[in-house]
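User: Hi! Could you walk me through this one? I'd like to get a feel for the fold before I set anything up.

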Amino acid sequence: MESIKGLFSKIRDNVKKPLVAISLVLILLGCVFLVIQKVDNRKYDKAVTAVVVGVSTTKDSDGKFRYQAHCEYEVGGKTYTSDTGWRSKEYNEGDEVVVHINSDNPGKKNGFGFLKAAVVFFFFGAACFFVGVWS
């Protein structure tokens with residue numbers, strides 16, 4: 001029984017340092033993606049007023065309702081559509097919302113993909129760090 005404990009102890013000690021190093025790399029990558037997202041956000045330089053033309057509703061696992069507004073806005077005589085994210089704020093048709101668009105490409109939407117990647121890297125980096133430090 002002692003030999004199994006000794007083996008697990010050696011494995012743990014050998015994994016600890018690389019896991020902490022990996023965690024720091026993942027957290028650094030998360031920071032890089034945050035900076036990229038910040039730069040990408042500068043493209044969305046114009047605020048326009050959009051009108052809610054429809055609303056989708058869903059119920060989350062806590063039984064609370066979440067709403068997504070389907071909007072239309074006009075730029076240069078052309079109509080574009082945009083959806084809000086799922087929120088607890090209830091929308092009604094005819095409500096006005098502010099949409100930030102790219103003035104060079106009014107139909108392009110900011111999907112915040114780099115922000116989503118940053119969150120994933122931060123989460124896994126933090127998890128690896130805590131496992132590496134407290135194992």
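User: What pattern does the chain follow, read along the sequence?

Analyst: Happy to help! Keep in mind that this is a predicted model. Read along the sequence, the pattern is α-β-β-β-β-α. That comes to two helices and four strands.

User: Nice. In what order do the four strands sit in the sheet?

Analyst: The order is β3-β2-β1-β4, in an open sheet with antiparallel pairing. At the edges are β3 (78-83) and β4 (96-101), each of which pairs on one side only. On average, neighbouring strands of this sheet are turned by 35° against each other, direction ignored.

User: How many bridges join β1 to β2?

Analyst: Eight bridges, between residues 46-59 of β1 and residues 65-75 of β2. To pick out one position, Thr57 has Tyr67 in β2 as its bridge partner.

User: And what holds strands of a sheet together in general?

Analyst: Strands pair through backbone hydrogen bonds, either parallel or antiparallel.

User: Switching to packing. How many residues does the largest nonpolar core have?

Analyst: The largest nonpolar core has 13 residues, and Tyr73, Val97 and Val99 have the most contacts inside it. Two or more residues come from each of β1, β2 and β4. Strand β2 gives the most, with five residues.

User: Which residues does Val97 touch, leaving out those up to four places away in sequence?

Analyst: Val97 touches Val48, Thr49, Ala50, Val52, Cys71 and Tyr91.

User: What about the chain as a whole, how much of it is buried?

Analyst: Buried residues make up 23% of the 135 residues. The chain exposes about 9400 Å², with carbon and sulfur atoms supplying 61% of that area.

User: And the contacts between residues at least 6 apart in sequence, what share joins residues at least 24 apart?

Analyst: That share is 61% of those contacts.

User: Last topic, cysteines. How many disulfides does the structure hold?

Analyst: Zero disulfides.

User: Okay, so are Cys31 and Cys128 buried or exposed?

Analyst: They fall into separate classes. Cys128 counts as buried because its relative accessible area is 19%, and the cut-off for buried is under 20%. Cys31 has a relative accessible area of 35%, so Cys31 is partly exposed.

User: Great, that gives me the picture. Thanks!

Analyst: Any time!

Note on methods:
Residues are numbered from 1 along each chain as its sequence is written. This is a predicted model: local features need pLDDT of at least 70, side-chain atom pairs count only at pLDDT 80 or more; totals for chains, interfaces and linings use all residues. Side-chain values use heavy atoms; hydrogens and water are left out. Two strands pair if DSSP finds at least two bridges between them. Axes are lines fitted to C-alpha atoms, for helices over the stretch in contact, and angles run from 0 to 180 degrees between N-to-C directions. Buried means under 20% relative accessible area, exposed over 50%, partly exposed in between (1.4 Å probe, protein chains only). Contact means heavy atoms within 4.5 Å. Accessible areas come from the Shrake-Rupley method with a 1.4 Å probe; for residues, only the protein chains shown count as cover. A nonpolar core is a set of buried Ala, Val, Leu, Ile, Met, Phe, Trp, Tyr and Cys residues joined through side-chain atoms within 4.5 Å. A disulfide is a pair of cysteine sulfur atoms within 2.5 Å.
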